[in-house]
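Visitor: I would like to take a close look at a single part of this molecule. Could you guide me through it slowly?

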Amino acid sequence: MRVVVVGRGETYLKFDMHTHHSRCGHAVGSIKDYVEEAINLGLQIIGISDHSPFWGEDQDAMLPWVGMPQSEFANYVSEVLALREAYRDRIEILLGIESGFFPQHVHVYDEMCRSYPLDYVIGSVHVVDGLEIFDRARWNNLDLEAAKGQKEKYYGLVQQAAHSGAFDIIGHIDAMKGNYPEFSSIDTPSIDLTLQSIAEQGLAIEVNTSGKTKQCGGWYPSIDILKKARYYEVDVTFGSDAHEPRRIADEWDAVRNCLIGIGYREIVYYRERKKYRVPL
Ligand SMILES: [Zn+2]
Ligand SMILES: [Zn+2]
């Protein structure tokens with residue numbers, strides 16, 4: 001395995017914990033394509049974390065352009081495990097999932113995740129009040145108070161996700177700004193409360209570099225929020241949220257430098273649902 005040596009004889013890993021592939025219906029490339037690209041990019045670890053199926057629904061293939069059918073999940077797991085074996089001399093492949101957070105179904109999701117040998121589960125809030133977080137229509141004709149209410153509802157769900165015990169990493173924690181950049185300037189203490197609860201639960205947040213694929217640009221979360229995360233001693237991991245192989249580890253160096261700049265000395269990843277810390 002390639003290990004990059006940095007100052008004082010320490011080593012650091014280059015990895016990406018958040019990647020999708022064609023199974024979810026809105027990403028391109030096979031898992032193998034992502035693994036091959038990760039090797040080309042010099043990663044030592046690649047986490048495969050496609051969107052969860054809709055486990056709370058009766059229908060097998062609910063919204064097939066959002067997530068894989070329920071009946072496909074076992075195939076997903078065995079494909080990742082087979083690739084792990086096939087590539088074991090070249091790269092470590094971790095089996096993850098990006099699980100949607102639906103409070104009413106969280107126990108069903110948790111049970112499903114725990115019945116497979118997952119290395120980690122990213123819990124992400126994608127829906128608030130029945131509307132996708134990226135749906136700009138949510139913000140039409142809202143006054144300041146109502147907009148603040150939406151933001152607080154979103155963070156209420158993120159906090160619930162953090163307390164559910166179902167997740168290791170909380171995904172893209174300010175992603176509601178995606179197609180509504182004004183979201184970030186809505187003044188509420190909810191982000192502080194959220195970071196405190198994530199820290200209390202011992203979970204990690206990801207620095208997710210896919211903001212550039214939406215109107216907001218930049219990262220989830222913003223650097224301001226990362227500084228607060230540092231203050232509250234929230235662990236961080238890295239995820240490109242790649243939906244195409246060429247985005248793997250996108251902006252890894254910039255994220256690493258930024259984290260060092262704001263005082264982080266370690267970054268975390270997960271194997272067998274245990275947290276591993278490595279120097280930045
Ligand atoms: Zn996706
Ligand atoms: Zn997501």
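Visitor: Is Tyr154 buried or exposed?

Guide: In this predicted model, Tyr154 is buried, because its relative accessible area is 1%, and buried means under 20%. Its partner is in a similar setting, since Tyr155 also counts as buried, at 1% relative accessibility. A pair of aromatic rings is described by the distance of the centres and the angle of the planes. The structure holds 17 aromatic pairs, and one of them is formed by Tyr154 and Tyr155, which meet edge-to-face with 5.0 Å from centre to centre and 65° between the planes. Another edge-to-face pair joins Tyr231 and Tyr232, with 5.0 Å between the centres and 75° between the planes; here, however, Tyr231 is exposed, with a relative accessible area of 65%.

Aromatic rings also appear in other arrangements. Phe54, Trp55, Phe73, Tyr76, Phe102, Tyr109 and Tyr116 form one aromatic cluster. Elsewhere a charge takes part: the charged end of Lys214 sits over the ring of Phe134, 4.3 Å from the ring centre, and the charged end of Arg230 sits over the ring of Tyr264, 5.5 Å from the centre of that ring.

A last stop is the metal site, where the zinc ion (ligand 1) has His26 (NE2), His51 (NE2) and His243 (NE2) as its protein donors, at 2.0 to 2.1 Å. His26 lies in the loop between β3 (15–16) and α1 (31–40), and His51 in the loop between β4 (45–48) and α2 (73–86), so the pair ties together parts that are 25 residues apart in sequence. Of these two donors, His26 counts as partly exposed, at 37% relative accessibility, whereas His51 is buried, at 11%.

Notes. Residues numbered from 1 in each chain as written. Chains lettered and ligands numbered in written order. Predicted model: local features only at pLDDT ≥ 70, side-chain atom pairs only at ≥ 80, totals over all residues. Heavy atoms only, no water. Phe/Tyr/Trp six-rings, centres within 6.5 Å; stacked < 30°, edge-to-face > 60°. Buried < 20%, exposed > 50% of the residue type's maximum accessible area, 1.4 Å probe, protein only. Lys NZ or Arg CZ within 6 Å of the ring centre and 35° of its normal. Donors = N, O, S within 2.8 Å, 3.2 Å for Na, K, Ca; no water. Helix = DSSP H or I, 4+ residues; strand = E, 2+ residues; numbered from the N terminus.
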